[in-house]
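Trainee: I should like to understand how the terms used for this structure are justified. May we begin once it is displayed?

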Amino acid sequence: MLKYFSILKIVVSFIIPYLILYAIYIQLNGEVSPGGGFQAGVIFASGIIAFDLINGTKKTCEFFSQKALIICGIFGVLIYASTGLVSFLFDDNYLNYNSIAKIPWVNNPLTGQHIGIFFIEIGVGLTVSSIMCLIYLVLKED
Amino acid sequence: MSAFFSIPSILDPELNLILLIITSLLLIGVCFRLIVSKNLTESILLMSAFSLIIAICYLFMDAPDVAMTETALGACLSTCVLLNLVKIIGNENYKSVSKTRFLFAVILCMILLLLLTMASLDLPLYGHPDTEVQLHLTKYYIENTKNDVGIPSIVAAILASYRGYDTLGETSVILIAGIAVVLILARRRE
């Protein structure tokens, strides 16, 4: 149908790795620069959507099936909730990262905050990216 | 916080304001084009353009987080999903609207515009430091983030640490929305 489809295919295939790298960069630098888990997840999902636009749904579903995406989403929320549970071990409030500092090899409360924020951002990113891919793939007609 | 790349800290304030006004006028132009368009595909592409232009507006207002989210979600993801939907339901033109209805809608819009303009007169000036919002909670966050949380990004500190429960709720809502979409729509294939 498209006359110059191969040009599009090569250009978009060139962009996809950089999109995913950018998503990982935003995910890991959420504490020091704009962005965070949500933005990183959405950018990662747009990378997968670009892959889907070029290669077709059949090839995408080999790597990202619906079942795997739902499990990834649930796993993200689980990471978030269980990070909050750590403070229960030290007789503190839920989601209070200061208590992570009471683990023997973490002494500074600010380091505890760093670790807590890092883990919950990973949970948010995992959930958002998998759910956005899921919504796109479900609504797509083969 | 000078490590951040932010456009208002690089440009002059006057030049920044002029660029913001130009982008807002462009936004109004896209809105008018969106009202008169009679084609579904055209409307979706115009909405994508709207998202891109308003993301540039957010950049000039020093909100890079919101701009990033708007570009990725509004311009890329929702456009792809809506274009897929158009592929399913067919790209039909809208039915023409009768004239009395059109007139009624115009009068309603004018009344709404008047009311919103009257309400906007009570709003504080944009970026003014002595307003009610800036004096209490924002001041607390700016002064105490370094001692309480110790990370440079105040937005991430508020989202993840001060308001951890809210973010947990948001993440669960996204998960529930995704599962609901699958439950309702995935049975169509069988």
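**Surface patch and aromatic rings**

Mentor: Tyr4(A), Ile7(A), Val11(A), Phe14(A), Ile15(A), Tyr18(A) and Leu21(A) make a nonpolar surface patch of about 780 Å². Patch residues have over 30% relative accessible area and no salt bridge (a side-chain nitrogen of Lys or Arg within 4 Å of a carboxyl oxygen of Asp or Glu), and nonpolar side chains (Val, Leu, Ile, Met, Phe, Trp, Tyr) are joined within 5 Å. This is a predicted model, in which local features need pLDDT of at least 70, side-chain atom pairs count only at pLDDT 80 or more, and totals for chains, interfaces and linings use all residues. Residues are numbered from 1 along each chain, chains are lettered from A in the order in which they are written, and side-chain values use heavy atoms, without hydrogens and water.

Trainee: Why is Val11(A) called partly exposed?

Mentor: Its relative accessible area is 44%, and partly exposed lies between buried (under 20%) and exposed (over 50%), with a 1.4 Å probe and protein chains only; Val11(A) is therefore partly exposed.

Trainee: What makes the pair of Tyr94(A) and Tyr165(B) tilted?

Mentor: Rings of Phe, Tyr and Trp (its six-membered ring) pair if their centres lie within 6.5 Å; planes under 30 degrees apart are stacked, over 60 edge-to-face, and the rest tilted. The centres of Tyr94(A) and Tyr165(B) are 6.0 Å apart and the planes at 45 degrees, so this pair is tilted.

Trainee: Which residues form one aromatic cluster with Tyr94(A)?

Mentor: Phe88(A) and Tyr165(B) form that cluster with Tyr94(A).

Trainee: How do you know that Tyr94(A) is buried?

Mentor: Its relative accessibility is 19%, which is under the 20% limit, so Tyr94(A) counts as buried.

Definitions and conventions:
Patches are made of residues with over 30% relative accessible area and no salt bridge: like charges are joined within 9 Å, nonpolar side chains (Val, Leu, Ile, Met, Phe, Trp, Tyr) within 5 Å. Accessible areas come from the Shrake-Rupley method with a 1.4 Å probe; for residues, only the protein chains shown count as cover.
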